[in-house]
Amino acid sequence: MTADVSNSYPGAPTAGHGGAGRTVMAVLGGAAVVVGVVLLFNPVAAARTLALLLGLALVIGGCLEIASGWDSDRRIPEIVLGAVLVVGGLLAAF
């Protein structure tokens, strides 16, 4: 018994990759390239942007740590660690 997998299912809709989605992705990609070039030639802005992103990541991680520790048996250490991450993230951002 063999299966003919070369032909697509006749009732299946075709994958429509085009239109607005492709345009939005092209605009976002172009914006990312422009931001990258600007940061490449301005190291102070690059360091500031990196600090903001690191701070944001630490704040989000701290909030997640607090949320995960809220219902666990080891509540106090996880909440303290989350608070330290949030404070570190705010210090890095500012």
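**Exercises around helix α3**

Ile79 is a residue of helix α3 (helices are DSSP runs of H or I with at least four residues, strands are runs of E with at least two, and both are numbered from the N terminus). The model is predicted: local features need pLDDT of at least 70, side-chain atom pairs count only at pLDDT 80 or more, and totals for chains, interfaces and linings use all residues. Residues are numbered from 1 along each chain as its sequence is written, and side-chain values use heavy atoms, with hydrogens and water left out.

**Exercise 1. Ile79**

Decide whether Ile79 is buried, partly exposed or exposed, then list its contacts.

Step 1. Take the cut-offs: buried is under 20% relative accessible area, exposed is over 50%, and partly exposed is in between (1.4 Å probe, protein chains only).
Step 2. Ile79 has 22% relative accessibility, so it counts as partly exposed.
Step 3. Set aside neighbours within four places in sequence; Ile79 is then in contact with Ile66 and Trp70 (contact means heavy atoms within 4.5 Å).
Step 4. Add a backbone distance: the C-alpha atoms of Ile79 and Glu65 are 6.8 Å apart, with their positions 14 residues apart along the chain.

**Exercise 2. Glu78**

Find the nearest side chain of opposite charge to Glu78.

Step 1. Locate the residue: Glu78 is in helix α3, which covers residues 75-93.
Step 2. Assign charges: Lys and Arg are positive, Asp and Glu are negative, and His and the chain ends are not counted.
Step 3. The nearest side chain of opposite charge is Arg74, 4.7 Å away.
Step 4. Glu78 is buried and has no salt bridge (a side-chain nitrogen of Lys or Arg within 4 Å of a carboxyl oxygen of Asp or Glu).
Step 5. List the contacts of Glu78 beyond four places in sequence: Glu65, Ser68, Gly69 and Ser72.

**Exercise 3. Trp70**

Name the residue whose charged end sits over the ring of Trp70.

Step 1. Apply the test: NZ of Lys or CZ of Arg must be within 6 Å of the ring centre and within 35 degrees of the ring normal.
Step 2. The residue is Arg75, with its charged end 5.2 Å from the centre of the Trp70 ring.

**Exercise 4. Further along helix α3**

Place Leu85, Gly88 and Ala92, and give a C-alpha distance for each,,.

Step 1. Leu85 is in helix α3. Its relative accessibility is 25%, so Leu85 is partly exposed.
Step 2. Leu85 and Val59 are 26 residues apart in sequence, and their C-alpha atoms are 6.2 Å apart. Not counting residues up to four places away, Leu85 touches Leu58, Val59, Gly61 and Gly62.
Step 3. Gly88 is also in helix α3. Gly88 is partly exposed because its relative accessibility is 27%. From Gly88 to Leu58 is 6.9 Å between C-alpha atoms and 30 residues in sequence.
Step 4. Ala92 belongs to helix α3 too. At 28% relative accessible area, Ala92 is partly exposed. Ala92 and Ala51 are 41 residues apart along the chain, and 5.7 Å separates their C-alpha atoms. Beyond four places in sequence, Ala92 contacts Ala51 and Gly55.

**Exercise 5. The whole chain**

Summarise the secondary structure, burial and contacts of the protein chain,,.

Step 1. Count the elements: 3 helices and 0 strands. The pattern along the sequence is α-α-α.
Step 2. The chain has 94 residues, and 9% of them are buried.
Step 3. Consider contacts with a separation of 6 or more: 48% of them join residues 24 or more positions apart.
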